[in-house]
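Colleague: I would like to learn how to read a few features of a model. Could we go through them one at a time?

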Amino acid sequence: TLLPFSIEEVSSFGTLPSREELILKGFMPRIYDEKATPRLLYSNYVATYVERDVNAILSLKDRRQFEVFLRLMAGRVGQLVNYESIAGEVGVSAVTVKSWVSVLEACYLIFTLPCYYRNFGKRFVKAPKVYFTDVGLCCHLLGIRDVGQVDRDPAFGGLFENMVIMDILKSRLNRGLEPDMYFVRDYKGFEVDLLV
């Protein structure tokens, strides 16, 4: 499993950017080793991914619907995946949304963090939370274009959580460990963001 750079790997290119810069730029290798422009890189990445890879897997009838779905997923970063809600906004069935989420996960574009539970009287939330494997892609999909927008955006908390949780995932995978990562939330809304 080869994911974008970790924070430690980015630091090997010199001074570590600020957290807002890291969130905006993301962790794609070409941004750091070739000084690629994040906006152009992510724009091309989405176009290539949607037009070629996803279409080859899903045989999309309406590419625009899938693009709306991607942006809605970015807007829900760090939140529970509600298939019915997303389906209603996109205009497809919840089954279709589940299959699209599955494809995004199989292509390593997103990571769904499962809720940990051991049949505690079935009082725990069981829906997963969604994160993008590259937070820069998430920013691009949200229309965040400069560092000044990052910490003022309503999604900042989710974006920061995304960066931290993905860095922990990368650290585990780079050491040959299984993710074995969860979150915990009870029916009252009390939550632990990450349980390893």
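Colleague: Leaving aside its neighbours within four places in sequence, which residues is F66 in contact with?

Modeller: Keep in mind that this is a predicted model. Beyond its sequence neighbours, F66 contacts Y49, V50, V54, L58 and L60, and also W100 and L104.

Colleague: Where does F66 stand in the largest nonpolar core?

Modeller: That core has 60 residues, and F66 is one of the three that touch the most other members. The other two are F69 and L159.

Colleague: Now the strands. In which sense do β3 and β4 pair, parallel or antiparallel?

Modeller: First the general idea: in a regular strand, side chains alternate between the two faces of the sheet. Here β3, residues 182–185, and β4, residues 191–195, pair in the antiparallel sense over 3 bridges. Within that pairing, V184 of β3 lies opposite V192 of β4.

Colleague: How many residues lie between β3 and β4 in the hairpin?

Modeller: There are 5 residues between the two strands. In the turn, G189 has a positive phi of about 95°.

Colleague: How many disulfides does the structure hold?

Modeller: A disulfide is a covalent bond between the sulfur atoms of two cysteines. The structure holds 0 of them. For C107, the nearest cysteine sulfur is that of C138, 17 Å away. For C139, the nearest is also that of C138, at 6.2 Å, where the cut-off for a disulfide is 2.5 Å.

Colleague: Are C107 and C139 buried or exposed?

Modeller: C107 is partly exposed, with a relative accessible area of 27%. C139 counts as buried, at 1% relative accessibility.

How values were computed: Residues numbered from 1 in each chain as written. Predicted model: local features only at pLDDT ≥ 70, side-chain atom pairs only at ≥ 80, totals over all residues. Heavy atoms only, no water. Core = buried A, V, L, I, M, F, W, Y, C linked by side-chain atoms within 4.5 Å. Buried < 20%, exposed > 50% of the residue type's maximum accessible area, 1.4 Å probe, protein only. Contact = heavy atoms within 4.5 Å. Pairing = 2+ DSSP bridges. Helix = DSSP H or I, 4+ residues; strand = E, 2+ residues; numbered from the N terminus.
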